[in-house]
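The following exercises concern one molecular structure. Each sets a task and then works through a solution step by step.

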Amino acid sequence: MSRRSGLVAVLVVVAIAGAVSRANAQGGRGATAPVPTARQSAPIDITGYWAAFVTEDWRFRMITPPKGDYTRVPLTPEAIKVADAWDPAADEAAGNQCKAYGAAAIMRVPGRFHITWGDDNTLRVESDAGTQTRVLHFGAATAPRERTWQGDSTAQWDVASRSLTVTTTNMRAGYLRWNGVPYSENATVTEYFDLTPLPGGGQLLIVSTTVEDSRFLQRPFTVSSHFKQERDGSKWNPTPCTARW
């Protein structure tokens, strides 16, 4: 074989190898893997039925506290005036019976919650008390819309700590407690959802909630709410919002 013929043969082999490599890349071996959905990447499973397990602040959660009792809530002077002027009859007349069921306080309401996947990147948290529904969006924040009791929530998994972080804004002004302790429409709610096993079997869902509100709170207000998992929805009992618990 001549030197020229040998050179041509080498070039042909190189060209064929390059074509095969490109074909393999386009066929998937070298392609970018699809981004997993929030459901696929979930480090924990918080779906199912959960019942409130009241382990703290019983007198603020199970009954309506007396007017003017805002113990341990770091209210501003303006917020204290609002709390002292609380009038449940006025809330009822104005159609504001759900002011204690907004995103900043709904997980404190004694009742049951049903958590499901709305789609692969959206969690739904329904409460039977007040018949409220929260929608937790993974990924990019949703476009601003009209303020609602549950506001706009963005969620993300913390794989390292095996927990879920949820941030909520764009809420209507509401109550942190049944007796008119207020939060404003500019409040931001940050929540951490964690699971822990229960002695003897079962799971406990722990939701740590921090409310920040420069208008009505002197500093962030943090509480922790616990929920026991239930086998099914046989005890599910939807009831409307009420201004008097």
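**Exercise 1.** State how much space lies in the largest pocket, and which residues are closest to its centre.

*Solution.* The largest pocket holds about 150 Å³ of space. On a 1 Å grid over the protein atoms alone, a pocket is an open set of points with protein on both sides within 12 Å along at least five of seven lines, whereas a cavity is a set of points where a 1.4 Å probe fits but cannot get out; lining residues have an atom within 4 Å of a point. Grid points are joined across faces, edges and corners, and a volume is the space filled by probe spheres set on the points. The lining of the largest pocket consists of 14 residues, and V82, K99, A173, P182 and F216 are the closest to the centre. Two elements, β7 and β8, each give two or more residues to this lining; strands are DSSP runs of E with at least two residues, helices are runs of H or I with at least four, and both are numbered from the N terminus.

The model is predicted: local features need pLDDT of at least 70, side-chain atom pairs count only at pLDDT 80 or more, and totals for chains, interfaces and linings use all residues. Residues are numbered from 1 along each chain as its sequence is written, and side-chain values use heavy atoms, with hydrogens and water left out.

**Exercise 2.** Determine how many cavities of 30 Å³ or more there are, and describe the largest cavity.

*Solution.* The count is 2 cavities of 30 Å³ or more. The largest cavity has a volume of about 160 Å³. Its lining comprises 16 residues; R61, A105, R108, L176 and R177 lie nearest the centre. The elements that give two or more residues to the lining of the largest cavity are α2 (58-61), β10 and β11.

**Exercise 3.** Establish how many aromatic pairs the whole structure contains, and examine examples.

*Solution.* A search of the whole structure yields 5 aromatic pairs. Rings of Phe, Tyr and Trp (its six-membered ring) pair if their centres lie within 6.5 Å; planes under 30 degrees apart count as stacked, over 60 as edge-to-face and the rest as tilted. Y49 and W236 form an edge-to-face pair, 5.8 Å centre to centre with 70 degrees between the planes. This pair links distant parts of the chain, 187 residues apart: Y49 is in strand β1 (residues 48-53) and W236 is in the segment after β11 (221-230). Y49, at 21% relative accessible area, is partly exposed, and W236, at 25%, is also partly exposed; buried means under 20%, exposed over 50%, and partly exposed in between (1.4 Å probe, protein chains only). The ring centres of Y101 and W178 are 5.2 Å apart and their planes lie at 85 degrees, so this pair is edge-to-face. Both Y101 and W178 are buried. Ring pairs also link W117, F138 and W157 into a cluster.

**Exercise 4.** Describe where T210 lies and which residues T210 touches.

*Solution.* T210 belongs to strand β10 (residues 203-212). T210 counts as buried because its relative accessible area is 17%. Leaving aside residues up to four places away in sequence, T210 touches T188, V189, T190, P220, F221 and T222, where contact means heavy atoms within 4.5 Å.

**Exercise 5.** Is H114 buried or exposed, and which residues does H114 touch?

*Solution.* H114 lies in strand β2. With a relative accessible area of 17%, H114 is buried. Not counting residues up to four places away in sequence, H114 touches G48, Y49, R124, V125, E126 and W236.
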